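Q: I am new to this structure. Please give me a close look at a single part, and then at what surrounds that part.

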Amino acid sequence: MSTTTIYTVTGMTCGHCESSVRAEVSQLPGVTGVDVSATTGAMAVTAENAVSDAEVIAAVDEAGYTAARS
């Protein structure tokens with residue numbers, strides 16, 4: 001059973017930003033989908049198993065942006 005968690009990402013301005021965030025978060029174990037929008041700042045992370053907020057936020061930070069659970 002998968003779960004989807006919504007986050008707000010700040011600092012993104014374009015499609016390249018979205019790609020960077022998606023690439024980092026997608027590498028987390030159990031993540032099956034990442035839908036992110038630079039326009040709205042919304043990011044939906046779908047995972048088969050629970051992924052901690054800290055892991056997701058750290059991955060977004062690695063991409064050069066900040067995130068918080070919505």
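A: Start with helix α2, whose buried residues are V56, A59 and V60. Down the axis of α2, these buried residues fall within an arc of 100 degrees, so they line one face of the helix. This is a predicted model, so read each detail as part of a prediction. An α-helix has 3.6 residues a turn, so residues three or four places apart point the same way.

Now turn to the other side. The face of α2 directed away from its buried side carries the exposed residues A54, D61 and E62. Just after α2 comes G64, which takes a positive phi of about 100 degrees.

What do the buried residues of α2 pack against? Their partners are β1, α1, β3 and β4, the last of these covering residues 66-69. Each partner but β4 is taken up below.

Helix α1 spans residues 15-26, which makes 12 residues. From first C-alpha to last, α1 reaches 16 Å, close to the 16 Å expected at 1.5 Å a residue. Its buried residues are C17, E18, V21 and V25. Seen down the axis of α1, they fall within an arc of 100 degrees, so they too line one face of their helix. The packing partners of these residues are β1, β2 (31-36), β3 (42-47) and α2 (53-62).

One residue of α1 shows the link to α2 well. V25 touches V56, A59 and V60. V25 also touches V31, V34, M43 and V45, leaving aside residues up to four places away in sequence.

In soluble globular proteins, nonpolar side chains tend to be buried together. Here, the largest nonpolar core has 21 residues. V9, M12, V21, V25, M43, V60 and Y65 have the most contacts inside this core. The elements giving two or more residues to the core are β1, α1, β2, β3 and α2.

Next, the strands. β1 and β3 run antiparallel and are joined by six bridges. In β3, A42 is the bridge partner of T8. β2 and β3 also run antiparallel, with five bridges between them. Here D35 has A44 of β3 as its bridge partner. The hairpin of β2 and β3 has five residues between the strands, and in it G41 takes a positive phi near 80 degrees.

T5 lies in strand β1, which covers residues 3-10. T5 is buried, with a relative accessible area of 16%. Where does T5 make its contacts? Beyond residues up to four places away in sequence, T5 touches M43, A44, V45, D53 and R69.

The stretch between β1 and α1 is a loop, and T13 has its place there. T13 is exposed, with a relative accessible area of 68%. T13 and S37 are 24 residues apart along the chain, yet their C-alpha atoms are separated by 9.2 Å.

Last, the cysteines. A disulfide is a covalent bond between the sulfur atoms of two cysteines. This structure holds zero disulfides. C14 is in no disulfide, and its nearest cysteine sulfur, that of C17, is 3.4 Å away. A disulfide needs the two sulfur atoms within 2.5 Å, so this pair does not count as one. C14 is partly exposed, with a relative accessible area of 32%. C17 is buried, at 5%.

Key. Residues are numbered from 1 along each chain as its sequence is written. This is a predicted model: local features need pLDDT of at least 70, side-chain atom pairs count only at pLDDT 80 or more; totals for chains, interfaces and linings use all residues. Side-chain values use heavy atoms; hydrogens and water are left out. Buried means under 20% relative accessible area, exposed over 50%, partly exposed in between (1.4 Å probe, protein chains only). Helices (H or I, at least four residues) and strands (E, at least two) are DSSP runs, numbered from the N terminus. Contact means heavy atoms within 4.5 Å. The expected span of a helix is 1.5 Å times one less than its number of residues. The arc is that of the directions from the helix axis to the C-beta atoms. A nonpolar core is a set of buried Ala, Val, Leu, Ile, Met, Phe, Trp, Tyr and Cys residues joined through side-chain atoms within 4.5 Å. Two strands pair if DSSP finds at least two bridges between them.
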